[in-house]
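Work through these exercises with the sequence and the model side by side. Try each task before reading its solution.

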Amino acid sequence: MKENKTAILVVDMLNDFVTGALKCDRGLAIVPKTAELLQGARRANVPVIFCNDAHLKGIDREFEVWGEHAIAGTKGAEVIPELGLCKKDYVVPKRRYSGFFHTDLDLLLRELGVDTVVLTGLHAHMCVRHTAADAFQLGYHIVVATDATDSFTEEDYLYGIKYLHDVYGAKLSTVDDLLKEWEK
Ligand code: ZN
């Protein structure tokens, strides 16, 4: 039987989301588990793909709601240093909530032969959710690393996770579960 081919999608673990313009203490709290997940993925040759906000200054629609953040080319739009972006990782810049919207993420996943995406990062009920929506609609299986994603509040987090499970059939796994699977 052909094994599922998995990739990790790390959503918006950027300076502006963790310590900058839209800083979030709960985002900071998931950094150690996320780093563990990424290290395990790289060891197991599971591709790590960063879906990063890279907004155009003064233009992007999201600013109407959130104010300016993660402007392309600024420090705020860089992956937080704790996650140590590696040479073999992929970076897909995005200008909307979803990692798929007007980006080449779908093309990249197809060329990597991926059929299952593991979602991590911020925020469970927003960019992670919108990325999951497109992943579902494009036919990917979805796993959520429950202790490597979060939201501004516990309520938003629980709502986000439940929505992903109920609406997109996402499997909810902890980082430890995923690492064990890859070490088999
Ligand atoms: Zn944004």
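**Exercise 1. A strand residue**

In which strand does D147 lie? Place it, then describe its surroundings.

Solution. This is a predicted model.
- Step 1: D147 belongs to strand β5.
- Step 2: Check accessibility. D147 has a relative accessibility of 24%. Buried requires under 20% and exposed over 50%, so D147 is partly exposed.
- Step 3: List contacts, leaving out residues up to four places away in sequence. D147 touches I30, K33, T174 and V175.
- Step 4: Take one distance. D147 and E68 are 79 residues apart in sequence, and their C-alpha atoms are 28 Å apart in space.

**Exercise 2. Another residue of the strand**

Is A145 buried or exposed? Find its contacts as well.

Solution.
- Step 1: A145 is in strand β5.
- Step 2: Its relative accessible area is 0%, so A145 is buried.
- Step 3: Outside its neighbours within four places in sequence, A145 contacts L37, V118, L119, T120, S173, V175 and L178.
- Step 4: Take L37 from that list. A145 and L37 are 108 residues apart along the chain, yet their C-alpha atoms are separated by 8.8 Å.

**Exercise 3. Helix geometry and faces**

Test the length of helix α7, then sort its residues by side.

Solution.
- Step 1: Helix α7 runs over residues 154-168 and has 15 residues. At 1.5 Å a residue, it should span 21 Å. The end C-alpha atoms of α7 are 21 Å apart, so expectation and model agree.
- Step 2: Pick out the buried residues of α7. They are Y157, G160, I161, L164 and Y168.
- Step 3: These residues cover an arc of only 90° around the axis, so they sit on the same side of α7.
- Step 4: Recall the general rule. An α-helix has 3.6 residues a turn, so residues three or four places apart point the same way.
- Step 5: Look at the face turned away from the buried side. The exposed residues E155 and K162 are there.
- Step 6: Ask what covers the buried residues of α7. The cover includes α2 (25-29), α6 (127-137), β5 (141-150) and β6 (171-173).
- Step 7: Step past the helix. G169, just after α7, has a positive phi of about 65°.

**Exercise 4. The zinc site**

Which residues coordinate the zinc ion? Classify the geometry of the site too.

Solution.
- Step 1: The donors are D53 (OD), H55 (NE2), E62 (OE) and H69 (NE2), at 1.9 to 2.1 Å.
- Step 2: Read the spacing along the chain: D-x1-H-x6-E-x6-H.
- Step 3: Angles among the four donor atoms run from 91 to 157°. A tetrahedral site needs all angles between 85 and 135 degrees, so this label fails. The site of the zinc ion is irregular.
- Step 4: Check burial of two donor residues. D53 has a relative accessible area of 0% and is buried. H55 is also buried, at 0%.

**Exercise 5. The nonpolar cores**

How many residues does the largest nonpolar core have? Identify its main contributors.

Solution.
- Step 1: The largest nonpolar core has 30 residues. Those with the most contacts inside it are I8, V10, M13, L37, L83 and W182.
- Step 2: Several elements give two or more residues to this core, among them β1 (6-11), α3 (31-43) and α8 (175-183).
- Step 3: α3 gives the most to this core, with five residues.
- Step 4: Follow W182. Leaving aside neighbours within four places in sequence, W182 contacts I8, L37, G40, A41, A44 and V46.
- Step 5: A second, separate core has 28 residues, including V11, A135, Y140 and I161.

**Exercise 6. Backbone exceptions**

Find non-glycine residues with a positive phi, and a cis peptide bond.

Solution.
- Step 1: Set the baseline. Most residues other than glycine have a negative phi, and most peptide bonds are trans.
- Step 2: A70 is not a glycine, but its phi is positive, about 45°. A70 is in the loop between α4 (63-66) and β3 (90-94). It is buried, with a relative accessible area of 0%.
- Step 3: H102 also has a positive phi, near 55°. H102 is in the loop between β3 and α5 (105-112). At 76% relative accessibility, H102 is exposed.
- Step 4: The peptide bond from L122 to H123 is cis, with omega near -15°. H123 is in the loop between β4 and α6.

How values were computed:
Residues are numbered from 1 along each chain as its sequence is written. This is a predicted model: local features need pLDDT of at least 70, side-chain atom pairs count only at pLDDT 80 or more; totals for chains, interfaces and linings use all residues. Side-chain values use heavy atoms; hydrogens and water are left out. Helices (H or I, at least four residues) and strands (E, at least two) are DSSP runs, numbered from the N terminus. The expected span of a helix is 1.5 Å times one less than its number of residues. Buried means under 20% relative accessible area, exposed over 50%, partly exposed in between (1.4 Å probe, protein chains only). The arc is that of the directions from the helix axis to the C-beta atoms. Contact means heavy atoms within 4.5 Å. Donors are N, O and S atoms within 2.8 Å of the metal (3.2 Å for Na, K and Ca); water is not among the atoms, so sites may look incomplete. Four donors count as tetrahedral if all angles lie between 85 and 135 degrees; four count as square planar and six as octahedral if opposite donors are over 155 degrees apart and all others between 65 and 115; anything else is irregular. A nonpolar core is a set of buried Ala, Val, Leu, Ile, Met, Phe, Trp, Tyr and Cys residues joined through side-chain atoms within 4.5 Å.
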